Amino acid sequence: MKENYLIEKSLNFAKEIVSVYRYLTQEQNEQIISKQLLKSGTSIGANVNEANYAQSKADFVSKLHIALKETAETEYWIKLLALSDYIEKSQSTQLLNMCLELKRMLISSINTAKTTVNKE
């Protein structure tokens, strides 16, 4: 159940990232950082989804770790876009809050999965 909620949250986050990407490329004419944001921000959900089809608990944890790394990268790009005045403070705050929520959920899921792996 928790993973389904994580998939839903990461998909909604990816949708927001796509919207920001469109804004940045069409309105701000920004091509480089926006592409990096698009790749890392949408990769989170793709890796969470892939984790649900993992071959083992260790593979599951590995996929979630990749998603966690992508949240860290996405967080960086959001902060850089805000510092560079490409996005408004309110928008960056909203995106960072969503990103940090995903990060917390991923850490919790990883820790839970590791605990069950160690008990087996």
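**Helical architecture and positive-phi loop residues**

Asn 29 lies in the loop that separates α1 (2-26) from α2 (32-51). The structure is a predicted model, and in it Asn 29 has a phi near 55 degrees, a positive value in a residue other than glycine. Most residues other than glycine have a negative phi. With a relative accessibility of 60%, Asn 29 lies above the 50% cut-off and therefore counts as exposed.

A second residue with a positive phi is Asp 85, which is likewise not a glycine and adopts a value of about 60 degrees. Asp 85 is situated in the loop between α3 and α4 (89-119), in a position just after α3. The relative accessible area of Asp 85 is 65%, so this residue is also classed as exposed.

These two loops belong to a chain whose secondary structure consists of four helices and zero strands. Read from the N terminus, the order of elements is α-α-α-α. Helix α3, formed by residues 57-83, contains 27 residues. The distance from the first C-alpha of α3 to its last is 39 Å, close to the 39 Å expected at 1.5 Å a residue.

The overall dimensions were examined next. Along the principal axes, the C-alpha atoms of the chain fill a box of roughly 50 × 20 × 20 Å. The radius of gyration of the chain is 15 Å; for 120 residues a compact globule would have a value near 14 Å, and the two therefore agree.

Packing was assessed through burial and contacts. Of the 120 residues in the chain, 39% are buried, the criterion being a relative accessible area under 20%. When contacts between residues at least 6 apart in sequence are considered, 74% of them join residues at least 24 apart.

The surface and the charge distribution complete the description. The chain exposes an area of about 7,100 Å², of which carbon and sulfur atoms supply 51%. The chain carries 15 positive and 14 negative charges, and the mean positions of these two sets are 5 Å apart.

In summary, the predicted model comprises four helices without any strands, and its radius of gyration of 15 Å agrees with that of a compact globule of 120 residues. Positive phi values occur at Asn 29 and at Asp 85, located respectively in the loop between α1 and α2 and in the loop between α3 and α4.

Terms used. Residues are numbered from 1 along each chain as its sequence is written. This is a predicted model: local features need pLDDT of at least 70, side-chain atom pairs count only at pLDDT 80 or more; totals for chains, interfaces and linings use all residues. Side-chain values use heavy atoms; hydrogens and water are left out. The radius of gyration is taken over C-alpha atoms; the globule rule is 2.2 Å times the number of residues to the power 0.38. Buried means under 20% relative accessible area, exposed over 50%, partly exposed in between (1.4 Å probe, protein chains only). Contact means heavy atoms within 4.5 Å. Accessible areas come from the Shrake-Rupley method with a 1.4 Å probe; for residues, only the protein chains shown count as cover. Lys and Arg count as positive and Asp and Glu as negative; His and the chain ends are not counted. The place of a charge is taken as NZ of Lys, CZ of Arg, CG of Asp or CD of Glu. The expected span of a helix is 1.5 Å times one less than its number of residues.
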